[in-house]
Structures are given as structure tokens and as C-alpha cells.
Amino acid sequence: MSGQRPGNHVVLYVRAGWDGVGYGACPFCQRFYMVLDLKAKAGALTYDIITVSTARPPQEFRKFANKLPVLKHGDEVIMDTEEIQQYVDSNFPRPDLRYGNRDAHTACLDVFSKFSFFVKNVSHTPDHLIKELSYLNGFLERSENTYICGEDLTHLDCNVLPKLQHIRVASKAFKNFDIPASMKGLWRYLGNAYDNDTFKKTCPSDQEIVHHWSEKKETTPLPEDKNKFYTVETTPRFSLELPDFVTRRK
């Protein structure tokens, strides 16, 4: 096979969930799961998703990679997230997920880091997170687009939407914090994502999201009642409901 061009089939290795087998809740893995699904819908490629337990990675995986997500295409193995994006765009250009809106990019830039500081108790109040959510909400309220940059999902949406779902679910679980109902642009954007089958297909359960953050040593352990509510052994739940005022499209 050496010297031959690989076909259009790719494999994405993603983080496994609590049982080491099911689909986990890594937002960076979901990002490229969404990208591959959008490319597949356009007929550009076919793909498989393989879950990997970080505690017990299989020997065949350890031969070529040491972190997740990983894209494998023939003999090509790509681990850096930006390189994965560039490789997919170069080899499978349809649909074009690139974007050029720098204001949209800037509006999303610091939301996830401020959430991470909050959920890991670096920040003891949600003030910094609220500030960044408000900045993104303001951008979205000034826009008539379905998604951040237009009527179709772009790389920016694939990056931001999984993170917003983590913010929604984990902030509620660990900090009893809800995205304010007053942020109508942000809720409308989430509603449009919840209507999109690529997002719904790739979205991890609430329980897996909570488990993902529970594993981080900086995160405050859940009280017993919430532990029972978010136990991963119950039927998977997905927070896809919206405040009553939300209309998904302007």
C-alpha cells in the first residue's frame, strides 16, 4: 500500500466515557466529530469514530499517538488540533467550513477559559464568565444569522458549540449557575444548534459532561444528591431544552 494515495475514509480517535468504552465528553473531540460529520454529509469522506480509554489505551493506539483527539488517514496521523483542521480542509474541501469574520472569532475567544477558571475554583464568582458570555451574546444579538458567521455551520461553530454545552451543563451541576435568560442571542444560537442533527448526533450526555469535569482535581466534588442525579449509570440525559421566549431563527 505504500506510495498509494489513501482513500476518502478517515478514523477519528476520541476520548472514551466513564466506562472506558462509550463516547466521552471531550469538547475538542466533539469539535472534529462535527467537522467529519459535515464533510461526510457532503460526500467528501466517510469516517469511523473510535473511543479510547486514556487510562488504558490499546497497544495499537499507543504505537502511533499519545493524546486525543487523533485523526488517522491511511498512514497519516495528526494529533495537533489546528493541524487536524488544516489537513481535513486540504484533503476534503467540501463543504468549505472556513470563516473570515474576525469579530466573530474575537467574540468567542475567552469564554471557555473563563468557564474553566470558574468550574475549577480559580475564580470564585461567575463575574468573568458572565462578562465573556455577555460579549458573545451581544455579538449574536446584533446578527441575523442562524450560526455565528452565517446560515451554515463553520469551524468556529464546531469549536464553540461543544464548549457552550459544557458551560451550560457543568456550571449548573458544580456551581448552580445558569446561563442568564436575558442572553437571548446566546439562547437563540444554542436553539439553532439543538435543531441541527450534526450537533445532536455528536453531543455527549449531561452525565458524561459532569463526569469529565469531576475527574479534574481542581473541581469541587458534587454533593451526594447531585452525585445520584448525574450518575453515569442512569439513562443518558441531554440538556437541549430552551427558555420559553426563545425563537430559534430571527
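**Figure 1. Asp 225 in helix H11 of the predicted model.** Asp 225 belongs to helix H11, which covers residues 224-229. The model shown here and in the other views is predicted. Asp 225 has a relative accessible area of 56%. The cut-off for an exposed residue is over 50%, so Asp 225 is exposed. Ile 50 serves as a distance marker for this view. Along the chain, Asp 225 and Ile 50 are 175 residues apart. In space, 33 Å separates their C-alpha atoms.

**Figure 2. The whole protein, for orientation.** The secondary structure comprises 11 helices and 4 strands. The radius of gyration is 18 Å, close to the 18 Å that the globule rule gives for 250 residues, so the protein is as compact as a globular protein of that length. Along the principal axes, the C-alpha atoms fill a box of roughly 55 × 45 × 30 Å. Of the 250 residues, 49% are buried. The protein exposes about 12600 Å². Carbon and sulfur atoms supply 48% of that area. Contacts between residues at least 6 apart in sequence were also sorted by separation: 76% of them join residues at least 24 apart. The protein has 33 positive and 32 negative charges. The mean positions of the two sets are 1 Å apart.

**Figure 3. The segment annotated as a CLIC N-terminal domain.** UniProt lists residues 10-91 under "domain: CLIC N-terminal", in an unreviewed entry. In the model, this stretch is 37% helix and 24% strand. The C-alpha atoms at the two ends of residues 10-91 are 11 Å apart.

**Figure 4. Two cis peptide bonds before proline.** One cis bond joins Leu 68 and Pro 69, with omega at about 0 degrees. Pro 69 sits in the loop that runs between helix H2 (59-62) and strand S3 (70-73). Another cis bond joins Arg 94 and Pro 95. Here omega is about -15 degrees. Pro 95 lies in the loop between helix H3 (81-91) and helix H4 (102-108).

**Figure 5. Thr 154 in the loop ahead of helix H7.** Thr 154 is part of the loop between H6 and helix H7 (155-175). Its relative accessibility is 9%. Buried means under 20%, so Thr 154 counts as buried. Setting aside neighbours within four places in sequence, Thr 154 is in contact with Leu 97, Arg 98, Tyr 99 and Cys 149.

**Figure 6. Ile 130 on helix H6.** Helix H6 spans residues 127-141 and includes Ile 130. The relative accessibility of Ile 130 is 27%. That value falls between the buried limit of 20% and the exposed limit of 50%, so Ile 130 counts as partly exposed. Beyond its neighbours within four places in sequence, Ile 130 contacts Phe 177 and Met 183. Ile 179 is 49 residues from Ile 130 in sequence. Their C-alpha atoms are 8.1 Å apart in space.

**Figure 7. Two asparagines with positive phi.** Asn 121 is not a glycine, yet its phi is positive, at about 70 degrees. Asn 121 lies in the loop between helix H5 (111-119) and H6. Asn 176, also not a glycine, has a positive phi of about 55 degrees. The loop between H7 and helix H8 (184-194) holds Asn 176. The relative accessible area of Asn 176 is 53%, and the residue is exposed.

**Figure 8. Lys 201 and its contacts.** Lys 201 is located in helix H9, residues 197-202. With a relative accessible area of 45%, Lys 201 is partly exposed. Its partners are Tyr 33, Asp 37 and Tyr 47, not counting residues up to four places away in sequence. Met 34 is 167 residues from Lys 201 along the chain. A distance of 8.4 Å separates the C-alpha atoms of Lys 201 and Met 34.

Key
Residues are numbered from 1 along each chain as its sequence is written. This is a predicted model: local features need pLDDT of at least 70, side-chain atom pairs count only at pLDDT 80 or more; totals for chains, interfaces and linings use all residues. Side-chain values use heavy atoms; hydrogens and water are left out. The radius of gyration is taken over C-alpha atoms; the globule rule is 2.2 Å times the number of residues to the power 0.38. Buried means under 20% relative accessible area, exposed over 50%, partly exposed in between (1.4 Å probe, protein chains only). Contact means heavy atoms within 4.5 Å. Accessible areas come from the Shrake-Rupley method with a 1.4 Å probe; for residues, only the protein chains shown count as cover. Lys and Arg count as positive and Asp and Glu as negative; His and the chain ends are not counted. The place of a charge is taken as NZ of Lys, CZ of Arg, CG of Asp or CD of Glu. UniProt positions are given in the numbering used here, feature names are shortened, and annotations may be inferred rather than shown by experiment.
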